[in-house]
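Biologist: Thanks for sitting down with me. Could you walk me through this model, starting with its charged contacts?

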Amino acid sequence: MDCGIATSKSILLFLSLTFWAAGAALAYVGAYMIKSYDTFESFIQDKHTLIPAAIIIGISVVMFIFGLVGCCATLRESKFGLSFFFLIIMVIFAAEVAALVFTFIYQGKVNASLSDPMNKIFSKYDGQDADASAVDLLQTQLQCCGVSNYTSWTNTTWFKTHNNTVPSSCCKNTTLCTGRLDQLSLLNVEGCEAKLDHLLRDVMTYGMLVILGFAIIKFFGMLSVCVITCKSGSQRSGYQPLYA
């Protein structure tokens, strides 16, 4: 068998077999991005930042379905099947490029969309409603306190009506901490805005790297299809259309 054909078929088979693994990985990444945004949705004003995650989920579903198509087309050496597989790869490749672009664009807008909603929610904190629970969850999980830092609480109604104390979710150790600012060693003093911004940027960067890796694989897959179809037209006659 021609070395170029053998190599190209091996690449396509590998690509087809890894479609399922790739689909699973992308599904995980998309779900993780959505979960990260959903956990702190109260503080994220621009919902368009979920577009990359939605695209990733869509790509993963398509990859699960078409992995079988690529495997069968390669094994049967069908021009029709390979052409269809090429179209599939090209569409997914284009979608991954679009996801990369959207992720890159919205990555720079994360910080701008956090400041206002976070300040509003923190300022009306009462320790009881859903927004208050979101604040407590944020401060507990990210080990932070206040929007900019712990002093942000001094401008809130909660601080003034609770003996100049911050919420217990600011505490490192809730059994000893009373929330008073003269116990800074027991408090998380870093602000939540910077930490949440860093977390969301890390999530989007991770998503971009995964998408880029799979996009490179798709690119070589398209080249392999071209090699096989071109070689078959000039040197080989073993391809049979699927409808034969």
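Biologist: How many salt bridges does a search of the whole structure find?

Modeller: Happy to help, and please keep in mind that this is a predicted model. Side chains of opposite charge can pair when their charged atoms come close. Searching the whole structure for such contacts, the number of salt bridges found is 4.

Biologist: Which residue meets Lys124 in a salt bridge?

Modeller: Lys124 is partly exposed, at 49% relative accessibility. Its partner is also partly exposed, at 23%. The N to O distance is 3.4 Å, within the 4 Å cut-off, and the partner is Asp131.

Biologist: And what is the N to O distance in the salt bridge between Asp182 and Arg180?

Modeller: Asp182 counts as exposed because its relative accessibility is 59%, above the 50% limit. Arg180, at 40%, counts as partly exposed. Their side chains meet in a salt bridge, with an N to O distance of 3.6 Å.

Biologist: With which residue does Glu190 form a salt bridge?

Modeller: Glu190 is partly exposed, with a relative accessible area of 48%. The residue it pairs with is partly exposed too, at 24%. The closest N and O atoms are 3.9 Å apart, and the partner is Lys195.

Biologist: Let's turn to the fold. What pattern does the chain follow along the sequence?

Modeller: The secondary structure comes to 7 helices and 0 strands. Of the 244 residues of the chain, 41% count as buried. Read along the sequence, the pattern is α-α-α-α-α-α-α.

Biologist: Why do the buried residues of α5 line one face of the helix?

Modeller: α5 has 13 residues and reaches 18 Å from its first C-alpha to its last, close to the 18 Å expected. Its buried residues are Ala132, Ala134, Val135, Leu138, Gln139 and Leu142. An α-helix has 3.6 residues a turn, so residues three or four places apart point the same way. Seen down the axis of α5, the buried residues line one face because they fall within an arc of 160 degrees.

Biologist: Which residues are exposed on the other side of α5?

Modeller: To count as exposed, a residue needs over 50% relative accessible area. On the other side of α5 from the buried residues, those that are exposed are Ala130 and Thr140.

Biologist: Now the aromatics. How many degrees lie between the planes of Phe122 and Trp153?

Modeller: The structure holds 3 aromatic pairs. In one of them, Phe122 and Trp153 sit 5.3 Å apart, centre to centre. This pair is tilted, the class for planes that are neither under 30 nor over 60 degrees apart; here the angle is 50 degrees.

Biologist: How many residues apart in sequence are the parts that this pair ties together?

Modeller: Both Phe122 and Trp153 are buried. Phe122 belongs to helix α4 (residues 115–123), whereas Trp153 lies in the loop between α5 (130–142) and α6 (157–161). The pair therefore ties together parts whose separation in sequence is 31 residues.

Biologist: What kind of aromatic pair do Tyr125 and Trp158 form?

Modeller: Their centres are 5.0 Å apart, with 80 degrees between the planes. Angles over 60 degrees define the class, so this pair is edge-to-face.

Biologist: Which parts of the chain does that second pair tie together?

Modeller: Both Tyr125 and Trp158 are buried. They also belong to one aromatic cluster with Phe122 and Trp153. Tyr125 and Trp158 are in parts 33 residues apart in sequence, so the pair ties the loop between α4 and α5 to helix α6.

Biologist: One last topic, the surface. Which helix gives the largest share of the nonpolar patch?

Modeller: The patch is formed by Ile11, Leu212, Ile216, Phe219, Phe220 and Leu223, with about 510 Å² of accessible area together. Leu223, for instance, is partly exposed, with a relative accessible area of 40%. The largest share, 5 residues, comes from residues 192–234, that is, helix α7.

Biologist: And how far apart in space are Ala54 and Met33, C-alpha to C-alpha?

Modeller: Ala54 is found in helix α2 (residues 51–76) and counts as partly exposed, at 47% relative accessibility. Ala54 and Met33 are 21 residues apart in sequence, and their C-alpha to C-alpha distance is 9.3 Å.

Terms used. Residues numbered from 1 in each chain as written. Predicted model: local features only at pLDDT ≥ 70, side-chain atom pairs only at ≥ 80, totals over all residues. Heavy atoms only, no water. Patch = residues over 30% accessible without salt bridge, like charges linked within 9 Å, V, L, I, M, F, W, Y side chains within 5 Å. Areas by Shrake-Rupley, 256 points an atom, 1.4 Å probe, with all protein chains shown as cover. Helix = DSSP H or I, 4+ residues; strand = E, 2+ residues; numbered from the N terminus. Buried < 20%, exposed > 50% of the residue type's maximum accessible area, 1.4 Å probe, protein only. Phe/Tyr/Trp six-rings, centres within 6.5 Å; stacked < 30°, edge-to-face > 60°. Expected span 1.5 Å × (residues − 1). Arc of directions from axis to C-beta.
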